[in-house]
Amino acid sequence: MLSREEYRSKVLGCWLGKNIGGTLGAPFEWHRQVNNVDYYTQELGGNPLPNDDLDIQLLWLIMLEEQGINIDSQVMAEYWQYFVSPFWSEYGNAKLNMQAGLLPPFTGMRNNYFKDSCGAFIRSEIWACIAPGNPRVAVKYAYNDASLDHGDGEGMYAEIFCAAMESAAFLENDPKTLIKIGLSYIPNDSGIAKAVRCAQEMYQNGKSWLEARNEILEKYRGNVFFNNPNHISKEDVAKGFTNGKPGWDAPSNIGMLIIGLLYGEGDFDKSICITVNCGEDTDCTAATIGSIFGIMHGVESIPEKWVTPIGRGIKTACLNIGDLGYFGAMIPTNIDDLTVRTEAIMNKVAAQYSLPIEPPNVAPDAQPEGFLLADDEALSYTQSPAYRQSHAFYDVALEYLTGVTVSQSQPAKLRLIIKNKYRIQAGFTVRLYSPEDSYGWEITPGRECKAYVGSVWWGDSSISINFELKPQHTIPASNRFVIEITADGRSTIMLIPVHLISEPGIMMA
């Protein structure tokens with residue numbers, strides 16, 4: 001059971017470690033080289049460097065304050081479009097997909113060169129801090145977050161892995177146990193899981209951190225930063241590390257994060273410096289290892305020599321401060337304010353979920369064995385990518401089996417899944433409303449059908465309905481439909497949006 005003092009110390013340690021690691025690693029970001037740092041290399045004047053690793057988490061805090069804790073990826077997408085300013089890499093691709101009318105997780109999938117990159121795991125800490133000691137809750141938030149700009153990619157697995165470890169770190173400070181917990185929430189065959197296990201094996205076999213780093217790059221590297229030859233050292237060229245899969249950056253960087261966690265052996269200096277010295281996305285990996293260390297050991301464990309040069313302030317890099325109050329007045333100005341506001345949101349989460357913290361608290365004194373590990377519900381996101389809605393009695397998912405594009409030669413194939421969560425069976429009428437008939441949409445098996453779903457007690461409580469949508473004529477770039485699901489004899493209405501984009505090269509008549 002966490003005391004309030006322990007919780008606040010760990011949250012402060014999280015945010016302070018985040019700022020320290022991000023500032024230390026910033027000068028070496030996206031250079032494939034072995035670094036040799038043991039302290040800051042910049043003149044800082046009492047301030048951390050601006051860091052987008054923290055920025056979007058500040059936005060999520062504001063969102064939770066304004067909208068409450070029962071948010072989903074659609075709410076996040078609205079805030080993303082209003083307040084995330086840059087069009088950097090996956091940030092920009094997601095924004096373009098949002099502007100085209102797509103919904104998560106497809107905003108992070110379509111035309112996204114960077115869905116396997118690092119932009120999601122760097123913003124995982126907020127979910128751990130509002131759900132301390134309950135990775136299952138933290139992971140739900142993290143999935144909705146990562147789906148915005150990483151869809152079904154390795155970047156999504158990376159954020160879920162980190163959020164699970166960070167939430168568990170409020171109760172557990174053994175790195176091996178934390179890694180086991182994090183791995184339980186992601187697929188065994190994902191690049192993230194493989195890179196993590198590689199780092200573990202190198203450490204267990206007595207190899208040096210440098211040997212572990214080279215092994216990670218040998219097996220799991222992405223491409224050099226935009227193919228820029230100035231971003232790779234001669235030594236790494238000689239090792240054959242010049243080329244890699246474009247945009248496939250999260251596995252290697254998570255591997256290096258684990259190198260820092262294991263080889264740091266409970267020492268803050270060693271943990272963040274080894275992580276930076278591995279190279280690659282050094283501000284992100286060092287910021288994340290700094291936050292994990294801070295959660296594990298509390299703010300008191302961070303040496304003062306790292307704190308004095310940067311202070312406790314917050315500097316933003318990618319938020320639209322013009323619309324966040326009077327020139328950003330809604331944004332926390334320092335980590336102390338951020339911690340107070342984080343705790344206020346955590347109190348709301350604790351009132352709804354089981355959290356192992358002093359009152360207000362709804363958790364038992366002793367959690368059941370395996371509570372920190374994933375269960376089947378926590379792993380539901382590993383099913384095929386889908387637009388999802390959750391209602392009081394039913395969950396609905398819409399899978400785009402052929403993607404979000406459509407043409408006369410390539411019909412769109414969709415699967416609607418209705419799951420009954422209640423003890424009473426139900427009958428439904430399902431209707432699909434299409435754009436104006438001038439485009440002659442052919443809908444198979446038809447625009448209306450009946451469906452029956454058994455009681456959750458019976459073990460057969462879901463049904464799948466497949467649709468095929470084919471335009472008979474040229475169509476606009478954007479095509480919107482609605483699937484209406486009504487419960488027979490009741491007032492229940494569920495509306496599922498469908499959005500299809502015409503195949504590139506198909507023009508309107």
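**Exercise A**

State how many residues line the largest pocket, and name those that lie nearest its centre.

*Solution.* Begin with the lining: 35 residues line the largest pocket, and Ser-380, Arg-388, Gln-389, Ser-390 and Asp-395 lie nearest its centre. A pocket here is an open set of points on a 1 Å grid over the protein atoms alone, where a 1.4 Å probe fits and protein lies on both sides within 12 Å along at least five of seven lines, and a lining residue has an atom within 4 Å of a point. The structure is a predicted model, in which local features need pLDDT of at least 70 and side-chain atom pairs count only at pLDDT 80 or more, while totals for chains, interfaces and linings use all residues. Residues are numbered from 1 along each chain as its sequence is written, and side-chain values use heavy atoms, with hydrogens and water left out.

Next, take the size: the volume of the largest pocket is about 1,200 Å³, a volume being the space filled by probe spheres set on the points, which are joined across faces, edges and corners.

Then ask where the lining comes from. At least two residues each are supplied by the helices α3 (73-83) and α6 (135-150) and by the strands β1 (386-390), β2 (394-400) and β4 (412-420); helices (H or I, at least four residues) and strands (E, at least two) are DSSP runs, numbered from the N terminus. Helix α6 has the largest share, with seven residues.

Finally, sort the lining of the largest pocket by class, which gives 16 nonpolar, 11 polar and eight charged residues. For this sorting, Ala, Val, Leu, Ile, Met, Phe, Trp, Tyr, Cys and Pro are nonpolar, Asp, Glu, Lys and Arg are charged, and the others, Gly among them, are polar.

**Exercise B**

Describe the second largest pocket by its volume, and then examine Ser-89, whose phi deserves attention.

*Solution.* The second largest pocket holds about 470 Å³ of space. It is lined by 25 residues, and closest to its centre are Trp-30, Ser-89, Glu-90, Ser-117 and Phe-225.

Moving on to the sources of this lining, α2 (52-67), α4 and α14 (282-297) each contribute at least two residues, and α4 gives the most, with three. By class, the lining of the second largest pocket contains 12 nonpolar, six polar and seven charged residues.

Now turn to Ser-89 itself, which is found in helix α4. Its phi is near 40°, a positive value in a residue other than glycine. Ser-89 is partly exposed because its relative accessible area is 27%; with a 1.4 Å probe and protein chains only, buried means under 20%, exposed over 50%, and partly exposed in between. Set beside Ser-89, Asn-111 also has a positive phi, near 50°, but Asn-111 is placed in the loop between α4 and α5 and is exposed, at 60% relative accessible area.

**Exercise C**

Which residue does Glu-343 meet in a salt bridge, and which parts of the chain does the pair link?

*Solution.* The side chain of Glu-343 meets that of Arg-8, at 2.8 Å from N to O. This pair links distant parts of the chain, because Glu-343 lies in helix α16 (residues 335-350) and Arg-8 in helix α1 (residues 4-25), 335 residues apart. A salt bridge requires a side-chain nitrogen of Lys or Arg within 4 Å of a carboxyl oxygen of Asp or Glu.

As a next step, compare the surroundings of the two partners: Glu-343 is buried, at 9% relative accessible area, whereas Arg-8 is partly exposed, at 36%. The pair also belongs to a network of salt bridges that links Arg-4, Arg-8 and Glu-343.

A further example joins strands: Glu-484 and Arg-431 meet in a salt bridge of 3.0 Å, N to O. Glu-484 is in strand β9 (residues 478-487) and Arg-431 in strand β5 (residues 426-433), so the pair ties together parts that are 53 residues apart in sequence. Here Glu-484 is buried, at 15%, and Arg-431 is partly exposed, at 25%. In the whole structure, the search finds 22 salt bridges.

**Exercise D**

Locate the cis peptide bond that involves Pro-105, and the one that involves Pro-445.

*Solution.* Pro-104 and Pro-105 are joined by a cis peptide bond with omega of about 5°, and Pro-105 sits in the loop between α4 (89-99) and α5 (125-130). The bond from Thr-444 to Pro-445 is cis, with omega near 10°, and Pro-445 sits in the loop between β6 (442-444) and β7 (448-453).
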